[in-house]
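Trainee: I have a structure to go through before the group meeting. Could you take me through it step by step?

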Amino acid sequence: MRRSTVLAVAAAAVSLVGLVGCNDGAAPAASSTAPGAVPASTSTATATPTPTAVATPTPTAVATTAGGVIDPEKALALAEKTPYAATQDFTTEGGPISALTKARVNLNGPVRSGRLAESMSAGGNDVIGSGSDGPTVVVTDDGTTYIKSGSSWRTSPLGDRIADYHGYAKALLALGPSAHTGMEDCEGTPCYHLSGTVGLESMKAVEPEQYKILKSKGVESFLLDQWIDAQGRTVRYDRKTELRGIPVRTHGTFRDFGPVEKVDPPR
């Protein structure tokens, strides 16, 4: 496929599903990226520096019963009290588009901050973020979003680059017992699986920009599976929806949990 054709396909897909937000100057409904659907770098992308840890304790208590079964409500209440850092590896797939995100993020605090490396391909051809040219997104501790393209940085008018995954889990809990799938093993970590069909309005508070995109496309709900550990932290996430007949899936994992890390503006 010629590069011009690939770019045309990518532009159409991005307009449709809002997979990447590298063109943040455009209207949100046309090209913004919601945090949970931000593409990320491939393994060859330029490494992003790890933020410096600050003195914020990670949760040590666990919300389990005597039999070791996680109580999801108690676990989420526990996580809500203590912010933490995690490594995020996400993929978003929609039609010919595949968008990747590799990030180190701070979650459950007053501001969700971190560093995200992004890339996207269409039909197997790299379109954005190929090799060492991968764009980097930095959301600082004061909530300012910076975008790097090439060698320059600029601030972005769009926030909402990192989703409120705690809020997503609470939306699943609000569905009642039907969302309680039960205990599973998440690569050696005991986790509790929540699953259900969530109304789009629940997304408005946890991913506002993504909500606007899906709302403008007539989406009313989405399928969500989420796995949390005994400390209420999301360890796995899988969201599926359909946009004008095109299945779109955002899925991935969180790992390497630790104290909140300081994120300064890029230099």
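Trainee: How many helices and strands does the protein chain have?
Mentor: This is a predicted model, and the secondary structure of its protein chain comprises 5 helices and 14 strands.

Trainee: What share of the residues is buried?
Mentor: Of the 267 residues in the protein chain, 51% count as buried. The accessible surface amounts to about 11,600 Å², and carbon and sulfur atoms account for 52% of that.

Trainee: And what about contacts over long stretches of sequence?
Mentor: Among contacts between residues at least 6 apart in sequence, 62% join residues at least 24 apart.

Trainee: Where is the confidence lowest, and where is it highest?
Mentor: The mean pLDDT is lowest in helix H2, residues 28–31, at 33, and highest in strand E11, residues 221–228, at 98. Residues 1–23 have a pLDDT below 50, and in the model this stretch has 63 contacts beyond near neighbours in sequence. Residues 25–51 are also below 50, with 98 such contacts.

Trainee: And for the chain as a whole?
Mentor: The average pLDDT is 79, and 73% of the residues score at least 70.

Trainee: Let us turn to helix H3. Which of its residues are buried?
Mentor: H3 spans residues 72–81, and Pro-72, Ala-75, Leu-76, Leu-78 and Ala-79 are buried. Viewed down the helix axis, the buried residues fall within an arc of 155°, so they line one face of H3.

Trainee: What does the face turned away from the buried side carry?
Mentor: That face of H3 carries the exposed residues Glu-73, Lys-74 and Lys-81.

Trainee: What do the buried residues of H3 pack against?
Mentor: They pack against H4, strand E9 (180–186), E10 and E11.

Trainee: Which residue caps the N-terminal end of H3?
Mentor: Asp-71 does, with a side-chain oxygen 3.1 Å from the backbone nitrogen of Glu-73.

Trainee: You mentioned H4. Is that helix mostly covered or mostly open?
Mentor: H4, residues 165–173, is mostly covered, with 8 of its 9 residues buried. Among them are Tyr-165, His-166, Tyr-168 and Leu-172. At the start of H4, a side-chain oxygen of Asp-164 comes to within 3.3 Å of the backbone nitrogen of His-166.

Trainee: E10 came up as well. Why does Tyr-192 count as buried?
Mentor: Tyr-192 is located in E10, residues 189–199. Tyr-192 counts as buried because its relative accessibility is 8%, and the cut-off for buried is under 20%.

Trainee: What does Tyr-192 contact, apart from its neighbours in sequence?
Mentor: Beyond four places in sequence, Tyr-192 is in contact with nine positions spread along the chain, including Ile-70, Pro-72, His-180, Met-183 and Trp-227. Its side chain makes a polar contact of 3.4 Å with the side chain of His-180. Tyr-192 and Ala-75 are 117 residues apart in sequence, yet their C-alpha atoms are 9.7 Å apart in space.

Trainee: How many disulfides are there?
Mentor: The count is 1 disulfide, formed by Cys-186 and Cys-191 with their sulfur atoms 2.0 Å apart. The link is right-handed, with 75° about the S-S bond.

Trainee: Are these cysteines buried or exposed?
Mentor: Both Cys-186 and Cys-191 are buried.

Trainee: One last residue: where does His-251 lie?
Mentor: His-251 lies in strand E13, residues 246–258. The side chain of His-251 makes a polar contact of 3.3 Å with the side chain of Glu-93. Other residues that His-251 touches include Asp-89, Phe-90, Tyr-237 and Asp-238.

How values were computed
Residues are numbered from 1 along each chain as its sequence is written. This is a predicted model: local features need pLDDT of at least 70, side-chain atom pairs count only at pLDDT 80 or more; totals for chains, interfaces and linings use all residues. Side-chain values use heavy atoms; hydrogens and water are left out. Helices (H or I, at least four residues) and strands (E, at least two) are DSSP runs, numbered from the N terminus. Buried means under 20% relative accessible area, exposed over 50%, partly exposed in between (1.4 Å probe, protein chains only). Contact means heavy atoms within 4.5 Å. Accessible areas come from the Shrake-Rupley method with a 1.4 Å probe; for residues, only the protein chains shown count as cover. A polar contact is a pair of N or O atoms within 3.5 Å; within protein, one must be able to donate a hydrogen and the other to accept it, and residues adjacent in sequence count only if both atoms are side-chain atoms. pLDDT is the predictor's confidence in each residue, from 0 to 100. A disulfide is a pair of cysteine sulfur atoms within 2.5 Å. The arc is that of the directions from the helix axis to the C-beta atoms.
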